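Welcome! Let's get to know this protein together through a few questions and answers.

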Amino acid sequence: MDGHYFTCKLENDELVVYDVINAPTGKVAPRGTSFTEDFTQDADSLWDYLDKQLSKIAGGR
């Protein structure tokens with residue numbers, strides 16, 4: 001997600017997405033209590049979840 005248009009930062013256990021002018025555009029919360037827990041339980045599922053959520057914020061699928 002990082003690049004010329006969007007930047008992601010982990011803030012208070014959520015991924016906050018910022019646009020090109022550094023304005024918050026959206027947030028992604030972990031499905032469980034933390035992203036670490038989500039990754040430990042099912043890494044593939046976490047990557048799929050992140051892909052779908054971040055695509056929605058970026059205006060993709």
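Q: How many of the five residues of β2 are buried?
A: This is a predicted model, and β2 covers residues 14-18. A residue is called buried when its relative accessible area is under 20%. β2 is mostly covered, and the number of its five residues that are buried is four.

Q: What is the order of the three strands in the open sheet?
A: Strands of a sheet pair through backbone hydrogen bonds, either parallel or antiparallel. Here the pairing is antiparallel, and the sheet is open. β1 (7-11) and β3 (24-28) stand at the edges with a single partner strand each, so one side of each has no neighbour in the sheet. The order is therefore β1-β2-β3.

Q: What is the average twist from one strand to the next?
A: Let's stay with the open sheet of three strands, β1-β2-β3. From one strand to the next, its twist averages 25 degrees.

Q: How many bridges join β1 to β2?
A: These two strands run antiparallel. Among the partners, Cys 8 is bridged to Val 17 in β2, and Glu 11 is bridged to Glu 14 in β2. The number of bridges joining β1 to β2 is five.

Q: Which residue takes a positive phi in the hairpin of β1 and β2?
A: This hairpin has two residues between its strands. The phi in question is near 50 degrees, and the residue that takes it is Asn 12.

Q: Which residue of β3 does Leu 15 stand opposite?
A: β2 and β3 run antiparallel and are joined by four bridges. Leu 15 belongs to the largest nonpolar core, as does its opposite residue. In β3, Leu 15 stands opposite Val 28.

Q: What is the phi of Asn 22 in the turn between β2 and β3?
A: β2 and β3 form a hairpin with five residues between them. Asn 22 sits in the turn, and its phi is positive, at about 65 degrees.

Q: Is Val 20 buried or exposed?
A: Val 20 is found in the loop between β2 and β3. Its C-alpha atom is separated by 7.9 Å from that of Thr 7, which is 13 residues apart from it along the chain. A residue counts as exposed when its relative accessibility is over 50%. Val 20 has 60%, so it counts as exposed.

Q: Which element gives the most residues to the largest nonpolar core?
A: In soluble globular proteins, nonpolar side chains tend to be buried together. The largest core here has nine residues: Cys 8, Leu 15, Val 17, Val 28, Phe 35, Leu 46, Tyr 49, Leu 50 and Leu 54. The elements that give two or more of them are β2 (14-18) and α2 (43-58). With four residues, the one that gives the most is α2.

Q: Which strands does α2 touch as it packs on the sheet?
A: The direction of α2 makes about 155 degrees with that of β3. As α2 packs on the sheet, it touches β1, β2 and β3.

Q: Is Tyr 49 buried or exposed?
A: Tyr 49 lies in helix α2. Leaving aside its neighbours within four places in sequence, Tyr 49 is in contact with Val 28, Ala 29 and Arg 31. The limit for being buried is under 20% relative accessible area. Tyr 49 has 17%, so it counts as buried.

Q: Which residues of α2 are in contact with Phe 35?
A: Phe 35 is one of the residues of the largest nonpolar core. Leaving aside neighbours within four places in sequence, its contacts include Leu 10, Leu 15, Val 28 and Pro 30. Helix α2 spans 43-58, and the contacts of Phe 35 that fall in this stretch are Leu 46 and Leu 50.

Q: What pattern does the chain follow along the sequence?
A: The secondary structure comes to two helices and three strands. Read along the sequence, the pattern is β-β-β-α-α.

Q: What is the radius of gyration of the chain?
A: The C-alpha trace spans about 35 × 25 × 15 Å along its principal axes. For 61 residues, the globule rule gives 10 Å, and the chain comes close to this, so it is as compact as a globular protein of that length. Its radius of gyration is 12 Å.

Note on methods:
Residues are numbered from 1 along each chain as its sequence is written. This is a predicted model: local features need pLDDT of at least 70, side-chain atom pairs count only at pLDDT 80 or more; totals for chains, interfaces and linings use all residues. Side-chain values use heavy atoms; hydrogens and water are left out. A nonpolar core is a set of buried Ala, Val, Leu, Ile, Met, Phe, Trp, Tyr and Cys residues joined through side-chain atoms within 4.5 Å. Buried means under 20% relative accessible area, exposed over 50%, partly exposed in between (1.4 Å probe, protein chains only). Contact means heavy atoms within 4.5 Å. Two strands pair if DSSP finds at least two bridges between them. Axes are lines fitted to C-alpha atoms, for helices over the stretch in contact, and angles run from 0 to 180 degrees between N-to-C directions. The radius of gyration is taken over C-alpha atoms; the globule rule is 2.2 Å times the number of residues to the power 0.38.
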